[in-house]
Amino acid sequence: MAQLYTRDTQAIFWNNNASAIQRMLDYDYTIKREKPSVAAIVAPTSSSKFEKFFYGPDEVMIPLYKSTAEAKAAQPQADVLLNFASFRTAYDVTMEALELGGFTSIMVTAEGIPERLARKMNATAKAKNVIVIGPATVGGIAPGAFKIANIGGTIENIVQSKLHRAGSCGLVTRSGGLFNELSNIIAINADGIAEGVAIGGDRFVGSVFIDNLLRMEANPEVKYMLLLGEVGGTEEYKVIEAVKNGQIKKPIIAWCIGTIAKYYDSGVQFGHAGASANGDMETAEAKNKAMKEVGIHVPASFNNLPEIISAVYHELHAEGVIKDIKEPAINVCPSVRKSKEFICTISDDRGDEATYAGFPISSLATPDTGKGIGDVISLLWFKKQYPKWATDFIETVIKTVADHGPAVSGAHNAKVTARAGKSVVESLVTGLLTIGPRFGGAIDGAAQYFKYADDNKLTPAEFLNHMKKEGVPIPGIGHRIKSLKNPDLRVEGLKKYAAKSFPATPLLDYALTVEQLTTSKKENLILNVDGTIGILMVDMWRALGYSEDEINEFISSGTLNSFFIVGRSIGFIGHVLDEKRLAMPMYRHPMSDILYDVQVAEKI
């Protein structure tokens, strides 16, 4: 892989590090990326489904997931894992990602992962051809394309260091802080960097100098390279060997910091875990000398790096290897941004025409579109275009439950309120407020319990015993009037439609086997209309490809009852208008219909 990242690269961010994620998104906005570089966040302890971040003056929602597996399944295009876990967890997170597959690179920020584990992690990654940046790193950057977390510093520093667009230098360092400093030095003395990686400060890191320099050798955008090593280790000698055998032909500028170490009597560790010489070969002085001997551009000291960079750049520019770069237009992040108070993902009333889930209302509302209220519900409730068989079923449900006469509690309340002189909306609300566990709730309950029985492969007898132990009458079973000999024609109609139009009805089939058992005990213990609707809704969602978790969420959030609410609102309004049309007087319940049992109060 010659190019580490592109403008299409997206990452899964492990651990909700809000400031680091925001810096990535600010960078995306600045360079005018078409889509955010963070596709998902893994936040195992969060109960939220998303996190809001600024994208320029606006906001975007980044989805949250409980695990890397869940995030990867939902965002398969994201092939970079940014592992911001602590050193106690980072190894396990990386190994899980390597086992999952689908990642081309993994960045590990944690410092101090036990060396035994780090070596095993790095070996596994190499075997799977996955680039590991780190441990103990701030990451890498492909200017103008993709940047990892905090590398490069603030957005102002990034633009000043020309990291907003690709230059000509390939930069590889151990230190993240010196990476930023060198990016600035290269910007001042040349045209910036084409790609950069801070490989990390721990003794055993995933991708070493030679891995990155060989990739940059193959990257046509990189015209020369700069390596900043340090005292300790022997990785620089692999680069020396690659130059000697011709694997690396592009000019390299290099310096190993830590030459002051020779003035100490004993070994001294300089900052990083790996910055300690364990022999003469590992001293900065020895490595600088060896690199210079094979033709690598090595300055007399770190302070001389700028002039070496300038000289190499201008020589390549004069030869025509490096061309002049046209500065691209960039966005400027606002200095003051205000978070939005509300989020709407179903409709948009901006522009010339309001939309339902992205569809202009005119494409749904007029008779010639062939669309109905079922299509509108599928868009506004589920943000999906359902096929005709499903939208027709939704409309059938709404028509089926629209009214059940004036005696039911909701209709009764609406009528009494209307007769008190209240408005349509006030009367409607009093009816709607009766909808719940005892009125309409059997739809929710039937879906919940029958699905539970089916999911757990309970036989009808086992299901009945389970409900008996729960102390709950089976929702959706039983009718006061209807029975096997006197079937409910609404139920028959729904079953007939499902048999004709549904791809499959496994839960209804299961419910009918339960009905055989319940009606053998009592003829009116039939599958009623509420039960049939709830069960067929589950069959509909399964046929539409929803996961079991998504269906469970629909049930628990009250989606099924919402169909009852919409349908019954039609009937309630009809009763309210009927009362007003008839100019009915104030209602008073007849005293003969009340059992009075009032005792004389005891004196305390």
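1. The feature to start with is an open sheet of six strands, ordered β9-β8-β11-β10-β12-β13 and mixed in its pairing; its edges are β9 (146-147) and β13 (252-257), each of which pairs on one side only. Strands here are DSSP runs of E with at least two residues, helices are runs of H or I with at least four, and both are numbered from the N terminus; two strands are taken to pair if DSSP finds at least two bridges between them.

2. The model is a predicted one, in which local features need pLDDT of at least 70 and side-chain atom pairs count only at pLDDT 80 or more, while totals for chains, interfaces and linings use all residues. Residues are numbered from 1 along each chain as its sequence is written, and side-chain values use heavy atoms, with hydrogens and water left out.

3. At one edge of the sheet, β8 (residues 139-142) and β9 run antiparallel and are joined by two bridges, with A142 standing opposite F146 of β9.

4. N122 belongs to helix α4 (residues 115-127) and is buried, its relative accessible area being 6% (buried means under 20%, exposed over 50% and partly exposed in between, with a 1.4 Å probe and protein chains only). A polar atom of the N122 side chain lies 3.4 Å from the backbone oxygen of F204. Leaving aside residues up to four places away in sequence, N122 touches V132, F204, V205 and G206, where contact means heavy atoms within 4.5 Å.

5. E579, in helix α22 (residues 559-581), counts as buried because its relative accessibility is 6%. Its C-alpha atom is separated by 6.5 Å from that of A418, although the two residues are 161 residues apart along the chain; E579 touches A418 as well as K415, R419 and M584, again not counting residues up to four places away in sequence.

6. For the protein as a whole, there are 22 helices and 16 strands. The radius of gyration is 35 Å, well over the 25 Å given by the globule rule for 604 residues, so the protein is more spread out than a compact globule; this radius is taken over C-alpha atoms, and the rule is 2.2 Å times the number of residues to the power 0.38. The C-alpha trace spans about 110 × 70 × 55 Å along its principal axes.

7. Of the 604 residues, 48% count as buried, and among contacts with a separation of 6 or more, 74% come from residues 24 or more positions apart.

Key
Polar contact = N/O pair within 3.5 Å; in protein donor to acceptor, adjacent residues only side chain to side chain.
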